[in-house]
Amino acid sequence: MCGIAGLIHKGKTVNIGKELQDMLQALKHRGPDSTGFALYGQGNNQGDYIMRFKVGENVAEGSSAVNEDKSVYDERRKQVDKHIRDLGGSIVNDAQLTPYSFRYCIKYNKDLMEFSKRIESVEMTEILSLGKSLELVKDIGDASVVSKQYGLDKIKGTHAIGHSRMATESGVDIRSAHPFWGYPFSDVSVVHNGQLTNYWNNRRALENKGMRFMSECDSELIAVYLAEKMRRGVALKDGMKDSLKELDGVFTYLVATKDSLGMAKDTMAAKPMVLYESDDLVAMGSEEIAIRTLLPQEIDTYDPYDGEVKVWQI
Amino acid sequence: MANLKNSKSQSMGLHKEVLTGRTQQVFFNPEEAENFFYYGAYDVDFNKRTEIDAKNLTCAKLNDKLNALMKEGYGTVVVKNPQGKHSLGVGILNKLNLIFEGSLGYFGVGSIDGPVVRITGRVGWSCAENMMAGKVMIEKNAGSCFGAAIRGGDLICKGSVGARTGIDMKGGTIIVGGDAGAFTGFMMQRGRIIILGDVGINLGDSMYDGTIFVGGKIKSLGSDAVKSKLSSDDIFWLRRKLKVAEIGSDFDVTRMTKVVAGKKLWNYDALEPSEKKGAI
C-alpha cells in the first residue's frame, strides 16, 4: 500500500523535520516496514555538499538484510574517506549517526557522477543523498523511531517529502526504502506509491545509458528516470509529464528539488493523493489525516485528477 | 404482480429485461412481517437532538457512540470535528438525521440503509460504499470510488469527485455538481449518475446497464459505452432530481449528454434475464 506525504512552505523556514514526522506517523498504517525523509534545509551555510551515506544495513527485527560484523563498517568508512581525498574533496564535518550511517559536509567542485561512482565502489556503500540542501534519511521502523534515531525533529527547512513503506516488490531494508536520490543530481529526491509494470525494460535501457540502480525496488526507477531526463536538459515538469506516458503501472509520486516540489498521478488514478493549497503552504498526503496533523481546523482539500502533474516553488 | 414491460423506466434505459414476478412478496409475506426484524435498526425521534465532538474519539468509539444514541432514540445527531477520520458513520440501518460538521476520511458513511447525512466538508475515497437507501449530501469535494457499489438512495456531491465514481453501482442515483475523474461509471450495472461538469477518460467503461448524464465535456467514452438520445422523460426526471438534490436548479439539463451501455461487451443476447442477474 505505502503512504506518501509532502509539504512546501512558500517564503518561510519552519521545523520541517517535525512536521513531516507527524504527517508520516499518521500514515503509519499504510506501511510499517520502513520510513524515509527527504528534508530540504539550509545546508551548512558554507555552500558545501552534504552527503548522507550508509556502509551497511540495519538488521533490526523485520529486516531482510544480511547480518554483518560491525567491525567492517569502520573499514568501509576509511575507504570512503580515502576516495574523497583522492578525488580532490575535503571533509569539513562528519558525524556517525548509527553504526552504519553517516552525514558528511564536503568541499568538492568536480563531477558528481564520478564522485558517486568512486564512493559507491566500496562494498555495501550507498550514497543516500548528495546535495547542498537535501538531507535524506531512511531506515527500518515508523516515523517516530527513525526521526528519533537520526534527530530529524530539529531540522529546519522549507519543504520535504516522505514515505512510509509496505514492502511488496523488494526486501525490507534501507536500500529498498524510499525516498530515492535522483543520482547523480544534487538535491533531487523521489517517493512513490504504486507499482511499475515495465520496470525491467526501463531499467535495462537506463543502465545502458550509464545510470545506476542500487536496489530492485521498482520505485527507484522513477528517480533514475527523472535524473536521466534532467541530465539531457529536460525540465523537471516536462520529464514528469513524459513519465505518465512512458512508465506503465499505477502510481502517484512526489519529487523534490532544492527549490521545488512536484506531484504526478498516473492516467488510471488508481493511487490516492489529497492536496491542500494556500498562499503560503501546500501539503499533500495519501490520506487527509496526514494533512490534518498540520492543520487540525476545517480546510478545503481535493484529489488531483488522472494524469495530473503539478509543481510548486518555494 | 406488476408487469413493467415497456415502462417509463425502461424507456429511460434503466434496465432492459422484464421484471415481472420480482416483487418483494415473493420473498416476504406481509402476514409474517412480525417474524422479521432488522438487527441494529432503531426507531428514532427526529426531534430528539444531540451533538458529539469527535476530536478525541477514534472512529470505532464514535461509531459506538452513534449506535448508543440511536438506541436511546436520538434522531438528529451533529458530529463536530470529524477531522478527516476514516470509516465514520458506517452501517447505520435506520432513519436518522446525521450532520458532520467537517470532513470525513476514507469509507465514510458506508453500508448505510436509510439515514439522511449532510457533510459540510469533503469526503475521502469510497464514500457511501454499498449504500442501500437514504440520502448523503456533501458540500465540498469527494475522493475516488465515490458511491462504489451503491444499491439505492441519493448520493450528492456539490463539488468535484475523483476517479471511478459509481464503480460497480447497482442502483440509486449519484449527482455531482462539479467535475468527475477517469472511469466514471466503471462496470456499473444499474442506477443513474449525473455529472454537471466535465468527466475524464473512459466514461462508463464496461458498463452492463444504467444511465450516465453529463453536462460538460467527456474526455473519452469507455469500452461499450455509447451516447443515447435524451428523452422528454429524462429531462423531466433530471429537473426533478436536481431540484430535490438542492443542486444545479438553474442548470440547462436539455444540453446534457446521455450515455448508456452498448450491450455488445457482455453477450446479453445469450442470457435469459434470470441468468444475467446471476452473472452480475
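**Entry 1: helices α5 and α6 of chain A**

Which residues in α5(A) meet which residues in α6(A)? I put this to a predicted model, and I kept that origin in mind throughout. On the side of α5(A) I found A:Y199, A:N202, A:R203 and A:L206, and on the side of α6(A) I found A:L221, A:V224, A:Y225 and A:E228. I then sorted the residues of this contact by class and obtained 5 nonpolar, 1 polar and 2 charged.

I also recalled a general point about helices: an α-helix has 3.6 residues a turn, so residues three or four places apart point the same way.

Next I looked up the geometry. Helix α5 of chain A covers residues 199-208 and helix α6 of chain A covers residues 220-231. They pack at an angle of about 40 degrees, and their axes are 11 Å apart. Because of that angle, I recorded α5(A) as oblique to α6(A). I noted the crossing of α5(A) past α6(A) as left-handed.

Is α5(A) well covered or hardly covered? I counted 1 buried residue among the 10 residues of α5(A), so this helix is hardly covered, given that a residue is buried if 20 or more other C-beta atoms lie within 10 Å of its own. Just after α5(A), I came upon A:G210, which takes a positive phi of about 95 degrees.

**Entry 2: helices α1 and α4 of chain A**

I turned to a second helix pair. Helix α1 of chain A (residues 16-26) packs with helix α4 of chain A (residues 143-150) at an angle of about 155 degrees, and the axes are 8 Å apart. I therefore entered α1(A) and α4(A) as roughly antiparallel to each other, since angles over 145 degrees count as such. From α1(A), the residues A:G17, A:Q21, A:L24 and A:Q25 meet A:A143, A:S144 and A:S147 in α4(A). By class, I found 2 nonpolar, 5 polar and no charged residues in this contact.

**Entry 3: the nonpolar cores**

I began with a general expectation: in soluble globular proteins, nonpolar side chains tend to be buried together.

Which residues have the most contacts inside the largest nonpolar core? That core has 73 residues, and I listed A:L20, A:L39, A:A160, A:W181 and A:L254 as those with the most contacts inside it. The element that gives the most to this core is α6(A), with 7 residues.

I followed A:A160 further. Leaving out residues up to four places away in sequence, A:A160 touches A:G6, A:L7, A:I16, A:L20, A:F37, A:A38, A:L39 and A:Y40. I also noted a second, separate core of 72 residues, which includes A:A269, A:A270, B:A149 and B:V259.

**Entry 4: chain B and its contact with chain A**

I looked up the contact between the chains and found 22 residues from chain B and 17 residues from chain A. The chain B side of it has 5 nonpolar, 14 polar and 3 charged residues.

For chain B itself, I recorded 4 helices and 11 strands. Of its 280 residues, 45% count as buried.

**Entry 5: B:Y42**

Where is B:Y42 placed? I found B:Y42 in the loop between α1 (8-11) and β1 (45-53) of chain B. B:Y42 has 18 C-beta neighbours inside 10 Å and therefore counts as partly exposed. Setting aside neighbours within four places in sequence, I found B:Y42 in contact with B:M70, B:K71 and B:N94. Finally, I compared B:Y42 with B:K264: they are 222 residues apart in sequence and 45 Å apart in space, C-alpha to C-alpha.

Terms used. Residues numbered from 1 in each chain as written. Chains lettered and ligands numbered in written order. Predicted model: local features only at pLDDT ≥ 70, side-chain atom pairs only at ≥ 80, totals over all residues. Axes fitted to C-alpha atoms, helices over the stretch in contact; angles between N-to-C directions. Helix = DSSP H or I, 4+ residues; strand = E, 2+ residues; numbered from the N terminus. Parallel < 35°, antiparallel > 145°, perpendicular 65-115°, else oblique. Left-handed = near helix turned anticlockwise from the far one by under 90°. Contact = placed C-beta atoms within 7 Å. Nonpolar A, V, L, I, M, F, W, Y, C, P; charged D, E, K, R; others polar. Buried ≥ 20, exposed ≤ 12 C-beta atoms within 10 Å, placed from the backbone. Core = buried A, V, L, I, M, F, W, Y, C linked by C-beta atoms within 7 Å.
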